[in-house]
Amino acid sequence: MARVDENVRNVMRQSLLTLGISTAILTVLGLIMVFSAVTPGAVRSAYAGASNTFRGVYMQIFYALVGVVLAWMVSKLPLGLYRHRAKWIFGLGMALQLAVFTPLGVTVAGNRNWVEFGPVRIQPSEFLKLAMIVMLATALLQIRKKLAGDIREWFVPIGIFLAAVGLVVIGRDMGTALIFALIAAGMFWQAGFPLRFFGWAGASGAVGAAALVAISPSRLARVEDFFQNIFTMPSGGTPSQSDYALWAFGSGGLSGSGLGTGIEKWPGNLAEAQTDFIFAVVGEELGFFGCAVVIIMFVLLGISLIRICLYHPSRFGRLVTGGIALWLCGQAVANMMVVTSLLPVFGVPLPFMSQGGSSIISCLLAVGLAASAALSVDGVRDSFQQRGSLAKRVKAVVRRG
């Protein structure tokens, strides 16, 4: 790693602190809102005689703790290790995604995108996002600037993307496939992909997406519902999932109805309240101010990742953190736009906040990898250790006094 000046080290330290604080707030707030969102279902189950009705919440807390530990471990490893092991990381991600087509695979709501190992169910595509980012960053390093205008130079990165997104599309998870496309497009642009090719790629992607919508009655119904709702008010006769979400925001007002008091999350109303539509629960119970906190935290998260990306002396570090920023913040924006009826419903979770073990663990792993990138900058890791040592000395002097 080349020597860097003090300004770069200061940017990395500040970005790490902002990244840690925003991630912690989003994760803790997410756990609180998941607990609130699942309460109605848990109450009904308890009346029906079921035991351990809050098991989903306890498991979400467990997954969050696992994610924090794994993120800490990932941040401790040097960034170069991920570059040298990129093929293994990507291979493992692809193998997990292929497992959904084996007897271990599970179909949920028409999407075959889960793998079940006994009592544990994981969504491999969440981990494949991070694996693809690492592999694409490694492959994009090989693009020679003098030949960047030759499409043949891009065959390997394009193949990596198509292999990853292809397995997700075969599993019928269009929402996740769109996030893969967002990540890849941003990383390709960052690496200098010729603009004239973006038009062809965008047109091909639009045609493919339209075809996937047309062959799926459920997707087609959601798109039709979206365009119908643009010019109409929420229906009181046969309300859709989006209608319930809008009512949740409307009844929340500025300060919300109060934590745990939301109405729309009750079973039979807002479907997937604890997963894809958790932001609507925030809007109803914590109001505009609660939504503003969530948005501000994602803005701070994005700023910290972008600053690491812009100032990092390693091109691999810039590509990796850029991809992570596109994933976490792009998916957050997409989720919020869906919940507020600015996009059709296509089913992507809100990072750090939606219920789901695979989602929370993979998002925290991504933060850990971004932290590894910042800590790998010359002098940054040592500066944190020196400050920690100084703090211990100050405490010791205070105690003696």
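This briefing walks through the overall make-up of the protein, its small sheet, helix 13 and the loop that comes after that helix. Please keep in mind that the model is predicted. The protein holds 15 helices and three strands, and 47% of its 401 residues count as buried.

**The protein as a whole**

- Among the contacts with a separation of 6 or more, 73% are made by residues 24 or more positions apart.
- The accessible surface comes to about 19400 Å², and carbon and sulfur atoms supply 68% of that area.

**The three-stranded sheet**

- The three strands form an open sheet in the order 1-2-3, and their pairing is antiparallel.
- Strand 1 (105-108) and strand 3 (120-122) are the edge strands; each has a single partner strand, so one side of each lacks a neighbour in the sheet.
- On average, neighbouring strands of this sheet are turned by 40° against each other, with direction ignored.
- Strand 1 and strand 2 (residues 111-117) run antiparallel and are joined by four bridges.
- If you would like to trace that pairing by eye, Gly105 sits opposite Val115 of strand 2, while Val108 has Asn111 as its bridge partner.
- Two residues lie between the strands in the hairpin of strand 1 and strand 2, and in this hairpin Ala109 adopts a positive phi near 55°.

**Helix 13**

- Helix 13 spans residues 315-339 and has 25 residues.
- From first C-alpha to last, helix 13 reaches 36 Å, close to the 36 Å expected at 1.5 Å a residue.
- Most of helix 13 is covered, with 20 of its 25 residues buried.
- Have a look at the start of the helix too: a side-chain oxygen of Ser314 comes to within 3.2 Å of the backbone nitrogen of Phe316.
- As a reminder for reading the helix in the viewer, an α-helix has 3.6 residues a turn, so residues three or four places apart point the same way.

**Gln331, a residue to zoom in on**

- Gln331 belongs to helix 13 and has a relative accessible area of 0%, so this residue counts as buried.
- The side chain of Gln331 makes a polar contact, at 2.7 Å, with the side chain of Lys129.
- Leaving aside residues up to four places away in sequence, Gln331 touches Lys129, Ile179, Leu326, Val348, Pro349 and Pro351.

**The loop between helix 13 and helix 14**

- Helix 13 is followed by Ser341, whose phi is positive; Ser341 lies in the loop that leads to helix 14 (357-375).
- Phi of Ser341 is near 65°, a positive value in a residue other than glycine.
- With a relative accessible area of 22%, Ser341 is partly exposed, because the buried class ends at 20%.
- Phe352 is also placed in the loop between helix 13 and helix 14, and this residue has a positive phi of about 75° although it is not a glycine.
- Phe352 has a relative accessible area of 2%, so this residue is buried.

Note on methods. Residues numbered from 1 in each chain as written. Predicted model: local features only at pLDDT ≥ 70, side-chain atom pairs only at ≥ 80, totals over all residues. Heavy atoms only, no water. Pairing = 2+ DSSP bridges. Axes fitted to C-alpha atoms, helices over the stretch in contact; angles between N-to-C directions. Buried < 20%, exposed > 50% of the residue type's maximum accessible area, 1.4 Å probe, protein only. Polar contact = N/O pair within 3.5 Å; in protein donor to acceptor, adjacent residues only side chain to side chain. Contact = heavy atoms within 4.5 Å. Expected span 1.5 Å × (residues − 1). Areas by Shrake-Rupley, 256 points an atom, 1.4 Å probe, with all protein chains shown as cover.
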